[in-house]
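Thanks for coming. I will walk through one chain today, from the whole down to a few single residues. Please have the sequence and the model open.

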Amino acid sequence: MPTEPLSQKEIEDRLRELPGWSQENGRLTRGYRLGSHIAATALVVHVARIQEELNHHSDLTLGYDTVRLSVHSHDADALTDRDFTLARRVEDAAAAHGAA
């Protein structure tokens, strides 16, 4: 059973609670800068564990000292509550890793 898509108003309301996140081409996106490549890699591993726990996975890109995420619910072909749950958990993890 697919997850229900969020309305544009719901998306905008939820984005206000997630500074730094944005909606781009129907996806929820965010980039982070960390202090080093090792710190960025540690965040990627942490995010991968969260994604496995939630059984909801983003496109995750590791740069030298950056991490970028892009997510949407494939089964709904839209943004859903699952995307925002993942974003909130990633945001909390990123803060713990000192990401900006």
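Before the surface figure, one term: accessible areas here come from the Shrake-Rupley method with a 1.4 Å probe. On that basis the chain exposes about 5700 Å², and carbon and sulfur atoms supply 52% of it. What you are looking at is a predicted model.

Let me start with the overall layout. The secondary structure comes to three helices and four strands. Going along the sequence, their order is α-β-β-α-β-β-α.

Next, overall dimensions. Taken along the principal axes, the C-alpha atoms fill a box of roughly 40 × 25 × 20 Å. What radius of gyration does the chain have, and what would a compact globule have with 100 residues? The globule would be near 13 Å, and the chain has 13 Å, so the two agree.

Of the 100 residues, 38% count as buried. As for contacts between residues at least 6 apart in sequence, 66% of them join residues at least 24 apart. On charge, the chain has 11 positive and 16 negative charges, and the mean positions of the two groups are 5 Å apart.

Now the interior. The largest nonpolar core has 23 residues. Which residues have the most contacts inside this core? They are W21, L28, Y32, L43 and F84. The elements that give two or more residues to the core are helix 1, residues 8-15; strand 2, residues 27-33; helix 2, residues 37-54; strand 4, residues 66-71; and helix 3, residues 81-96. Helix 3 supplies the largest share, six residues.

Take W21 from that list. Leaving out residues up to four places away in sequence, W21 touches L15, L28, T29, R30, Y32, L69, A87, V90 and E91. Two of these partners, L28 and Y32, are themselves among the residues with the most contacts inside the core.

Let us move to helix 1 and look at I11, which is found there. Is I11 buried or exposed? Its relative accessibility is 4%, so I11 counts as buried. Apart from residues up to four places away in sequence, I11 touches L6, Q23, L79 and F84. One of those partners, L79, is 68 residues from I11 along the chain, yet their C-alpha atoms are separated by 7.7 Å.

In helix 2 we have A40. A40 has a relative accessibility of 0% and therefore counts as buried. Leaving aside neighbours within four places in sequence, A40 is in contact with L34, L62, G63, Y64, D65, T66 and V67. For a longer reach in sequence, take A40 and G98: they are 58 residues apart along the chain and 9.7 Å apart in space, C-alpha to C-alpha.

Now the loops. N55 is in the loop between helix 2 and strand 3, which covers 59-62. Phi of N55 is near 50°, a positive value in a residue other than glycine. Is N55 buried or exposed? N55 counts as exposed, because its relative accessibility is 55% and the cut-off for exposed is over 50%.

The loop between strand 4 and helix 3 holds D77. Phi of D77 is also near 50°, again positive in a residue other than glycine. D77 is at 63% relative accessibility, so D77 counts as exposed.

T80 has its place in the loop between strand 4 and helix 3 as well. T80, however, is buried, with a relative accessible area of 0%. Which residues is T80 in contact with, leaving aside neighbours within four places in sequence? They are T3, E4, P5, L6 and S73.

Last, R82, which is found in helix 3. At 29% relative accessibility, R82 counts as partly exposed, because that class lies between the 20% and 50% limits. Its contacts, neighbours within four places in sequence left aside, are T3, L54, N55, H56, S73 and D75. N55, the loop residue with the positive phi, is therefore one of the partners of R82. By comparison with these contacts, R82 and R16 are 66 residues apart along the chain, with their C-alpha atoms separated by 17 Å.

That is the tour. I will take questions now.

Definitions and conventions
Residues numbered from 1 in each chain as written. Predicted model: local features only at pLDDT ≥ 70, side-chain atom pairs only at ≥ 80, totals over all residues. Heavy atoms only, no water. Core = buried A, V, L, I, M, F, W, Y, C linked by side-chain atoms within 4.5 Å. Buried < 20%, exposed > 50% of the residue type's maximum accessible area, 1.4 Å probe, protein only. Contact = heavy atoms within 4.5 Å. Rg over C-alpha atoms; globule rule 2.2 N^0.38 Å. Lys, Arg positive; Asp, Glu negative; His and termini not counted. Charge placed at Lys NZ, Arg CZ, Asp CG, Glu CD.
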